[in-house]
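User: Could you take a close look at one part of this model for me? I would like to follow its salt bridges and see what they connect.

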Amino acid sequence: MTTEEKILYKLRKARKKEERLVEGLKKIEPKVSSETTHDPEILTPEEHFLFLKMGLKCKNYVPIGRRGIYQGVILNMHLHWKKHQTLKVIVKTFSPEEVKEIAAELARLSGGIVLDIHEENTIIMYRGKNYSQPPTEIMSPRITLSRKKALDKSKYRDGLRAVRKYLPRLEQDLELLQAQAKRKHEDATETVEETPLVKNDSDSPSNKQLENSAKLRDIIAGNDDVFEDSDSAIQNSDSEALSDIFETESETDNEDREERPLYLNEFEKFPIETDGEPEDFEEHLRQVSADSKRAKSVGEDDVDLPNFDEVDRMVLRAASLLKRKRR
């Protein structure tokens, strides 16, 4: 359910409840009319001031609760008037307008005089100059409701008051929702109407700006092509010059490398000893080892003997072989 449907459902439900409460109140109301003749006595201003001052000072009162006016309220008023001239009726569960209605109803049913409504919740009443206690039918009139029916009436009345406060709120929410939906619909129609106008407007300044920007892009693209062609030509010439330089350098280096054999310069640095050195390297090593053994056997400690390790031997051997080939 949408929000509008929910509000409509609540509104229908509240209206049905209102109708049901009104029918219940009509059933509870007494069938016999409560219209009685009431002719209040006329008081002078001095008497009115005097009785009002007495009523404000007196302490006897009759409370009226949620049930409102029923038989027991009228009876209590007459019982107070038996010994006191004035009386306070305190009403705290009703609005000021309803308090005025209650005061008129009490004056009509009891035969008293309403002096004033103090602080919007206290009714000050006077019994009258020639007051005499009335019979039981007047003290507790049958035209008023009983205690139980008065309570039922108060329940219906409270429910009706709450429903009548709730109904305007629902109607206001429904109106706001409908106004929002109408506004959205109008905005959508306006946007739909404006879009074709924008498309068909060929002479508008926005279209002219688009055409100028397209021309500018074409000019820039042509310039970029020219610059790219010139750059590619320059790059090709530079690459050819560089390739010529590198080719010449590589050819000269290869010729030098072919003319000069590897490691000859390094091995030429070693000194050549030809005095008494045999051509074979193994025989030379045998001779050196024999000399060392002879020196040890004789005991010549001061003779300096060469100490060769495997790396030295390999180097010497390779040097001798290279020299031999060169010769």
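Analyst: Happy to help; here is a walk along helix H6 and its partners, starting with the ground rules.

This is a predicted model, in which local features need pLDDT of at least 70 and side-chain atom pairs count only at pLDDT 80 or more, while totals for chains, interfaces and linings use all residues. Residues are numbered from 1 along each chain as its sequence is written, and side-chain values use heavy atoms, with hydrogens and water left out.

For orientation, the protein chain has ten helices and four strands, taken from DSSP runs (helices are H or I with at least four residues, strands E with at least two, numbered from the N terminus). Their order from the N terminus is α-α-β-α-β-α-β-β-α-α-α-α-α-α. Of the 327 residues, 20% count as buried; buried means under 20% relative accessible area, exposed over 50%, and partly exposed in between, with a 1.4 Å probe and protein chains only.

Helix H6 covers residues 147-200. In the loop that runs between helix H5 (136-139) and H6 sits threonine 144, which is buried at a relative accessible area of 10%. The C-alpha of threonine 144 is 9.5 Å from that of glycine 72, a residue 72 positions away along the chain.

Now to the salt bridges, each defined as a side-chain nitrogen of Lys or Arg within 4 Å of a carboxyl oxygen of Asp or Glu. By this rule there are eight.

One of them pairs glutamate 18 with arginine 164, at 3.2 Å from N to O. Glutamate 18 belongs to helix H1 and arginine 164 to helix H6, so this contact links distant parts of the chain, 146 residues apart. Arginine 164 is partly exposed, with a relative accessible area of 46%, whereas glutamate 18 is among the buried residues of H1, a list that also includes Ile7, Leu11, Ala14 and Leu21. H1 itself (residues 3-28) has 26 residues and reaches 38 Å from its first C-alpha to its last, close to the 38 Å expected; that expectation is 1.5 Å times one less than the number of residues.

Another bridge joins glutamate 29 and lysine 153, whose closest N and O atoms are 2.9 Å apart. Here glutamate 29 comes from the loop between H1 and helix H2 (45-57) and lysine 153 from helix H6, a link across 124 residues. Both ends are partly exposed: glutamate 29 has 34% relative accessibility and lysine 153 has 22%.

Next, arginine 161 meets glutamate 98 with 3.5 Å between the closest N and O atoms. Because arginine 161 lies in helix H6 and glutamate 98 in helix H4 (residues 96-110), the pair ties together parts that are 63 residues apart in sequence. Arginine 161 is partly exposed at 29%, and so is glutamate 98 at 22%. Through shared partners, salt bridges join Arg66, Glu98, Asp158 and Arg161 into one network.

Finally, Glu186, Asp187, Glu190 and Glu193 gather in a surface patch of negative charge. Patch members have over 30% relative accessible area and no salt bridge, with like charges joined within 9 Å. Asp and Glu count as negative, Lys and Arg as positive, and His and the chain ends are not counted. Of these four, glutamate 190 is found in helix H6, where it is partly exposed with a relative accessible area of 44%.

Technical notes. Patches are made of residues with over 30% relative accessible area and no salt bridge: like charges are joined within 9 Å, nonpolar side chains (Val, Leu, Ile, Met, Phe, Trp, Tyr) within 5 Å. Accessible areas come from the Shrake-Rupley method with a 1.4 Å probe; for residues, only the protein chains shown count as cover. The place of a charge is taken as NZ of Lys, CZ of Arg, CG of Asp or CD of Glu.
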